[in-house]
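Visitor: I would like to learn how to read a protein structure, one feature at a time. Could you guide me through this one?

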Amino acid sequence: MATKVIGNAAEALAAQVRDGMTIAVGGFGLSGIPSRLITALRDSGATGLTIVSNNMGVDGKGLGLLLENKQVAKVLASYVGENKLFAQQFLNGELEVEFVPQGTLAERLRAGGAGIPAFYTPTGVGTPVAEGKPVMNFDGRDAILERGIVADISLVRAFEADPEGNLRYRMTARNFNPLVAAAGRVTFAEAEVIHDGYLDPSLVDTPGIFVQHVVATDGIKDIEQRTVRVRQEA
């Protein structure tokens with residue numbers, strides 16, 4: 001059986017990534033983020049990157065590591081409110097930001113993975129999101145043209161993988177990962193469990209045709225906001 005499993009994520013990613021590339025990254029907050037691959041991307045030293053992700057992590061974790069290392073030139077995201085460094089770099093003019101409505105971001109990634117160059121959506125009509133975009137009217141309702149997203153490299157995290165790169169996600173950690181996996185020209189996936197044999201086809205979320213490299217996770221599962229009840233006195 002041929003295998004896409006690799007041992008050294010940093011080495012493999014460094015051989016592929018170049019300055020100025022567009023990198024799509026799965027995750028939502030810190031849930032389902034490919035933390036080992038993000039660290040490998042940081043260690044590659046690549047700069048001028050365009051990052052496509054739901055958000056940019058938090059300060060010191062997730063994609064926040066790339067901001068700290070001044071590797072990011074542009075961000076396409078739908079939410080960035082948890083990262084103070086992101087706000088600072090944006091307000092200082094160090095970072096170009098394209099805010100994308102969350103559903104539109106998901107559909108742009110899906111379209112890119114499906115080979116659809118663009119689509120019309122009513123989301124964002126009459127707002128700054130629509131500035132500079134073609135508008136058409138469908139059945140009396142305006143819609144703006146949005147481009148599909150195809151990334152040079154995609155980084156995702158799965159729960160299970162097999163040697164062919166078939167992936168299965170776990171619960172809410174699935175989030176943007178399947179869309180990001182399909183939208184990359186070259187996709188790296190890290191998985192918590194890597195099987196020796198094939199996954200049951202009925203359980204596969206991302207077919208291996210979309211995945212070129214598989215690596216084991218680093219085991220890190222950070223919690224974005226830890227909330228506990230106040231201890232009651234006996």
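Visitor: Let me begin with a single residue: is Arg 157 buried or exposed?

Guide: Please keep in mind throughout that this is a predicted model. A residue is called buried when its relative accessible area is under 20%, and because Arg 157 has a relative accessibility of 6%, Arg 157 counts as buried. Arg 157 belongs to strand 8, which covers residues 151-161, and its side chain is joined to that of Ser 35 by a polar contact of 3.4 Å.

Visitor: Where does Ser 35 sit, and which residues of helix 2 are buried?

Guide: Helix 2 covers residues 35-44, and its buried residues are Ser 35, Leu 37, Ile 38, Ala 40 and Leu 41. After helix 2 comes Gly 45, a residue with a positive phi, near 80°.

Visitor: Which residues other than glycine have a positive phi here?

Guide: Lys 70 is one of them, with a phi of about 55°, and Asn 175 is another, with a phi near 25°. Lys 70 is found in the loop between helix 3 (64-68) and strand 3, while Asn 175 lies in the loop between strand 9 (167-168) and helix 6 (177-183). As for their surroundings, Lys 70 is exposed, with a relative accessible area of 53%, whereas Asn 175 is partly exposed, at 22%.

Visitor: What does Gln 89 touch, if we leave aside its neighbours within four places in sequence?

Guide: Counted in that way, Gln 89 is in contact with Leu 67, Lys 70, Glu 94 and Leu 95. Gln 89 is placed in helix 4, residues 84-91, and is buried, with a relative accessible area of 3%.

Visitor: How should I read the nonpolar interior, and which residues of the largest nonpolar core touch the most other members?

Guide: The general idea is that in soluble globular proteins nonpolar side chains tend to be buried together. In this structure the largest nonpolar core has 34 residues, and Ile 23, Ile 51 and Leu 155 are the ones that touch the most other members. Helix 2 gives the most to this core, with four residues. Apart from this core lies another, of 21 residues, including Val 52, Val 156, Phe 176 and Val 180.

Visitor: Which residues does Ile 51 touch, not counting those up to four places away in sequence?

Guide: With that exclusion, Ile 51 touches Ile 23, Val 25, Met 56, Leu 63, Leu 66, Val 72, Lys 74, Val 75 and Leu 76. It is worth following Leu 76 a little further: Leu 76 lies in strand 3, residues 72-77, and is buried, with a relative accessible area of 7%. Under the same exclusion, the residues that Leu 76 touches are Thr 50, Ile 51, Val 52, Ser 53, Glu 98, Arg 108 and Ile 149. The C-alpha atoms of Leu 76 and Ala 24 are 9.3 Å apart, although 52 residues separate the two along the chain.

Visitor: How many salt bridges are there?

Guide: The count comes to 13 salt bridges. In one of them, the side chains of Glu 146 and Arg 108 meet at 3.9 Å, N to O. Glu 146 lies in strand 7 (residues 141-147) and Arg 108 in helix 5 (residues 102-114), so this pair ties together parts that are 38 residues apart in sequence. Both Glu 146 and Arg 108 are buried.

Visitor: What distance, N to O, is found in the salt bridge between Glu 146 and Lys 133?

Guide: In that salt bridge the distance is 2.9 Å, N to O. Lys 133 is in the loop between strand 5 (118-121) and strand 6 (135-138), 13 residues from Glu 146 in strand 7, and the pair links distant parts of the chain. Glu 146 is buried, at 2% relative accessible area, whereas Lys 133 counts as partly exposed, at 22%.

Visitor: Which residues make a nonpolar patch on the surface?

Guide: Phe 90, Leu 91 and Phe 99 make a nonpolar surface patch of about 320 Å². Of these, Phe 99 is placed in strand 4, residues 96-99, and counts as partly exposed, with a relative accessibility of 41%.

Note on methods. Residues numbered from 1 in each chain as written. Predicted model: local features only at pLDDT ≥ 70, side-chain atom pairs only at ≥ 80, totals over all residues. Heavy atoms only, no water. Buried < 20%, exposed > 50% of the residue type's maximum accessible area, 1.4 Å probe, protein only. Helix = DSSP H or I, 4+ residues; strand = E, 2+ residues; numbered from the N terminus. Contact = heavy atoms within 4.5 Å. Salt bridge = Lys/Arg side-chain N within 4 Å of Asp/Glu carboxyl O. Polar contact = N/O pair within 3.5 Å; in protein donor to acceptor, adjacent residues only side chain to side chain. Core = buried A, V, L, I, M, F, W, Y, C linked by side-chain atoms within 4.5 Å. Patch = residues over 30% accessible without salt bridge, like charges linked within 9 Å, V, L, I, M, F, W, Y side chains within 5 Å. Areas by Shrake-Rupley, 256 points an atom, 1.4 Å probe, with all protein chains shown as cover.
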